[in-house]
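Reader: I have a model open and some labels I'd like to see justified. Can you take me through them?

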Amino acid sequence: MLKHHRRSSAFTLIELLVVMAIIGVLLALLLPAVQSAREAARKIQCTNNLRQIGLALHNYQASHSVFPPGYISTDPTNPENTWPGWGWAAMLLPELEQSDLFNRCNFDLSVDHAANTTAAQTRLAVFACPSDTRAGRFDVTDDSGATRASQYATNSYAAAFGSDGEVGTDPDLGNGMFFRNSRISLRDVTDGSNSTLCIGERVAALTQTPWAGAVPFGVARVTPGAPVFSDAVEEAPVQVLAHTGSHPLKDVESDPDDFFSLHSGGVNFLMGDGSVRFLKSTVHIDVLHALSTRGGLEPLSATDY
């Protein structure tokens, strides 16, 4: 009797290569979509961070009749000596459900005093944009590179100093919501709080700065590997403040005193009324300047930004 042997099916080499090519194409199409979805989620979380900060600012205003100062300093003659240096973010801790951390800060001492190290080293999610690749801890240094404060936690956000003006050398001259020892209230915002920048992204990937405040004689320097051409080193007040100077948003020439994000196409900002706006990097510099002032009375329309 003849026996018939059934041939076992198997992939040929060509068929295997075709399948691998198809899988490769599918992965190439899928990965960008996954990355895009993840970045969208990170951007939403960043927006939520700013909303929390906005609510905290308005609760602070309700309790104190003014917004917190950009930072506190007792030396009016030397901008680099920001002593004690506590900044706007530290002032907001009780309003961010961080009363225990607030109570651990000794505001009678400098922000970089050894007694305040543990508190200032505490990482807070509300001050970290999820897209910020260099958020974490870092050493605050002076202009020579010597360490002034060790392993302080970063802040992905900076307070709006205003338009132009040198944050580092003229910290009292901000025409925005925050500057040295500022005490701005909503009644001072004659441009309209819904069209005035309050807090904006200035990620640690551009410059690592402490949420706790402006460390006396510390600097803000461009983070190694930052996506900019600048290597600028800025004075102590820049650790907590940023302006809309001569650079557009997300400009490759951005300095540490500029707003900057790692989100595609623009930067998240908290406005004076507590809303959050995503400003495109294509917004004209004159419009940014107008949005930065609290009382410049510059004409603006919603289509400008």
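Author: Here are the labels, each set against the cut-off behind it.

Reader: Before we start, what kind of model is this, and how many residues, helices and strands does the chain have?

Author: It's a predicted model. The chain has 305 residues, and 50% of them count as buried. Its secondary structure comes to 5 helices and 11 strands. The C-alpha atoms fill a box of roughly 110 × 50 × 35 Å along the principal axes. As for contacts with a separation of 6 or more, 64% are between residues 24 or more positions apart.

Reader: Why is Phe217 called partly exposed?

Author: Buried needs under 20% relative accessible area and exposed needs over 50%. Phe217 comes out at 32%, so it counts as partly exposed. You'll find Phe217 in the loop between β6 and β7 (220–221). Its phi is positive, about 65°, although Phe217 is not a glycine.

Reader: And what makes Lys250 partly exposed?

Author: The relative accessible area of Lys250 is 24%, which lies between the 20% and 50% cut-offs, so partly exposed is the label. Lys250 also has a positive phi, about 60°, without being a glycine. Its place is the loop between β9 (241–244) and β10 (266–271).

Reader: How do you know that the peptide bond from Trp83 to Pro84 is cis?

Author: Look at omega: for the bond from Trp83 to Pro84 it is near 0°, and the bond is cis. Pro84 belongs to strand β2, residues 84–87.

Reader: What makes β1 and β2 a pair?

Author: Two strands pair if there are at least two bridges between them. Strand β1 (residues 71–73) and β2 have 2 bridges, so they qualify, and the sense is antiparallel. One of the residues involved is Ser73, whose bridge partner in β2 is Pro84.

Reader: Why do you say both faces of β2 are covered?

Author: Because buried means under 20% relative accessible area, check each side for that label. Pro84 and Trp86 are buried on one side, and Gly85 and Gly87 are buried on the other.

Reader: What makes a set of residues a nonpolar core, and which members of the largest one touch the most others?

Author: The members have to be buried residues of the nonpolar kinds, joined through side-chain atoms within 4.5 Å. The largest such set has 51 residues, and Ile53, Leu57, Trp88, Phe127, Phe178, Ile199 and Trp211 touch the most other members. Elements giving two or more residues to this core include α1 (13–64), α2 (88–91), β3 (137–141) and β6 (197–201). The largest share, 6 residues, comes from α1.

Reader: With which residues is Ile53 in contact, leaving aside its neighbours within four places in sequence?

Author: Contact takes heavy atoms within 4.5 Å. On that test Ile53 is in contact with Trp88, Leu92, Leu96, Val126, Phe127, Tyr157, Ile199 and Leu270. Apart from the largest core lies another, of 15 residues, among them Ala158, Val283, Leu288 and Leu291.

Reader: Why is a space called a cavity, and how many of 30 Å³ or more are there?

Author: A 1.4 Å probe has to fit but be unable to get out, so that is why the word cavity applies. The structure holds 1 cavity of 30 Å³ or more. The largest cavity has about 40 Å³ of space. Its lining is His243, Thr244, His247, Pro248, Leu249, Asp258, Phe259 and Leu288. By class, that makes 4 nonpolar, 3 polar and 1 charged residues.

Technical notes
Residues are numbered from 1 along each chain as its sequence is written. This is a predicted model: local features need pLDDT of at least 70, side-chain atom pairs count only at pLDDT 80 or more; totals for chains, interfaces and linings use all residues. Side-chain values use heavy atoms; hydrogens and water are left out. Buried means under 20% relative accessible area, exposed over 50%, partly exposed in between (1.4 Å probe, protein chains only). Helices (H or I, at least four residues) and strands (E, at least two) are DSSP runs, numbered from the N terminus. On a 1 Å grid over the protein atoms alone, a cavity is a set of points where a 1.4 Å probe fits but cannot get out, and a pocket is an open set with protein on both sides within 12 Å along at least five of seven lines; lining residues have an atom within 4 Å of a point. Grid points are joined across faces, edges and corners, and a volume is the space filled by probe spheres set on the points. Ala, Val, Leu, Ile, Met, Phe, Trp, Tyr, Cys and Pro count as nonpolar, Asp, Glu, Lys and Arg as charged, and the others, Gly among them, as polar.
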